[in-house]
Amino acid sequence: MRTILFALALVLSTANYACSCSPPGKYEVALSKEIEYSDNVIIGEILEISDNQKVITLKVKEIFKGELKQGQIITFKNNYYCEPFVDELGDWLIYSRMLDGEFSINPCGLSRSLKNPIKNRYFSVIPPPAPQHPDSLLSKSELELWASELKAEQLPKAIKQTELEIEFLRGLEK
């Protein structure tokens, strides 16, 4: 009986951390839903990421939606078990909600670094199988070259799309 209760408690305690993002659909649909779902849409400068990477501190730079104030310093729950995951300092486009009195970046959403937006699943490309995979036709060096060429090709496109999105957000009524 104790084993069953322990197993049940373990499953219930980890259920809060599970995340399953469906494959990205149309960007335009995702953007519309993200704006509607979000309490706050901002550009924020990530100032600090906690040692355990579960909390981020940012300074609000621009507000597109919500009641935050420019220059305000706030903490957010990072999507430690989901994406988008904040893993670098700098300016980010953030879509968020208030959950249990805490700011939380929307899981599976469009939040992303302005410098490196290809880390968001809507702007990344799935690489070929790793060299050790039996179906791989690429060596490790060929894969690394392919990845760097892909990044060089995709990064400017993702940055341009992010710039267009910000211009669109600036046109929204607050």
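How many aromatic pairs does a search of the whole structure find? The search finds 1 aromatic pair, and this pair is taken up in the second legend below. The model is a predicted one, in which local features need pLDDT of at least 70 and side-chain atom pairs count only at pLDDT 80 or more, whereas totals for chains, interfaces and linings use all residues. Residues are numbered from 1 along each chain as its sequence is written, and side-chain values use heavy atoms, with hydrogens and water left out.

**Figure 1. Overview of the protein, with its 3 helices and 6 strands.** Helices (H or I, at least four residues) and strands (E, at least two) are DSSP runs, numbered from the N terminus, and from that end on the elements follow the order α-α-β-β-β-β-β-β-α. Of the 174 residues, 34% count as buried, where buried means under 20% relative accessible area, exposed means over 50%, and partly exposed lies in between (1.4 Å probe, protein chains only). Among contacts (heavy atoms within 4.5 Å) between residues at least 6 apart in sequence, 58% join residues at least 24 apart. The accessible surface, computed by the Shrake-Rupley method with a 1.4 Å probe, comes to about 11200 Å², and 57% of this surface belongs to carbon and sulfur atoms.

**Figure 2. The aromatic pair of F76 and F103.** Rings of Phe, Tyr and Trp (its six-membered ring) pair if their centres lie within 6.5 Å, and planes under 30 degrees apart count as stacked, over 60 as edge-to-face and the rest as tilted. A search of the whole structure finds 1 such pair. The ring centres of F76 and F103 are 5.2 Å apart and their planes stand at 35 degrees, so the pair is tilted. Because F76 belongs to strand 3 (residues 73–77) and F103 to strand 5, the pair ties together parts that are 27 residues apart in sequence. Both partners count as buried, F76 with a relative accessible area of 1% and F103 at 17% relative accessibility.

**Figure 3. Strand 4 and the strands that pair with it.** Two strands are said to pair if DSSP finds at least two bridges between them. Strand 4 (residues 90–99) pairs with strand 1 (residues 40–49) in the antiparallel sense over 7 bridges, and here G44 stands opposite W92. Strand 4 also pairs with strand 5, again antiparallel, over 4 bridges, with M98 and F103 as bridge partners. A further 2 bridges join strand 4 to strand 6 in the antiparallel sense, and L93 stands opposite R112 there.

**Figure 4. The surroundings of D39 and N40.** D39 lies in the loop between helix 2 (27–37) and strand 1 and counts as partly exposed at 31% relative accessibility, whereas N40, placed in strand 1, counts as buried at 5%. The side chain of D39 reaches the backbone nitrogen of M98 at 2.8 Å, a polar contact being a pair of N or O atoms within 3.5 Å, of which, within protein, one must be able to donate a hydrogen and the other to accept it, while residues adjacent in sequence count only if both atoms are side-chain atoms. Leaving aside neighbours within four places in sequence, D39 is in contact with K65, G66, S96, R97 and M98, and the contacts of N40 include L68, I94 and F103.

**Figure 5. S111 and its neighbours.** S111 lies in the loop between strand 5 (102–105) and strand 6 (112–113) and is buried, with a relative accessible area of 1%. Its side chain reaches the backbone nitrogen of Y95 at 2.8 Å. Not counting residues up to four places away in sequence, S111 touches E34, P84, W92, L93, I94, Y95, I105 and N120. One of these, P84, is found in the loop between strand 3 and strand 4 and is joined to E83 by a cis peptide bond, with omega about 0 degrees.

**Figure 6. Positive phi values at Q53 and D100.** Most residues other than glycine have a negative phi, and most peptide bonds are trans. Q53, in the loop between strand 1 and strand 2 (55–65), has a positive phi of about 65 degrees although it is not a glycine, and it is partly exposed, with a relative accessible area of 33%. D100 lies in the turn of the hairpin that strand 4 and strand 5 form with 2 residues between them, and has a positive phi of about 55 degrees. D100 is exposed, with a relative accessible area of 81%.
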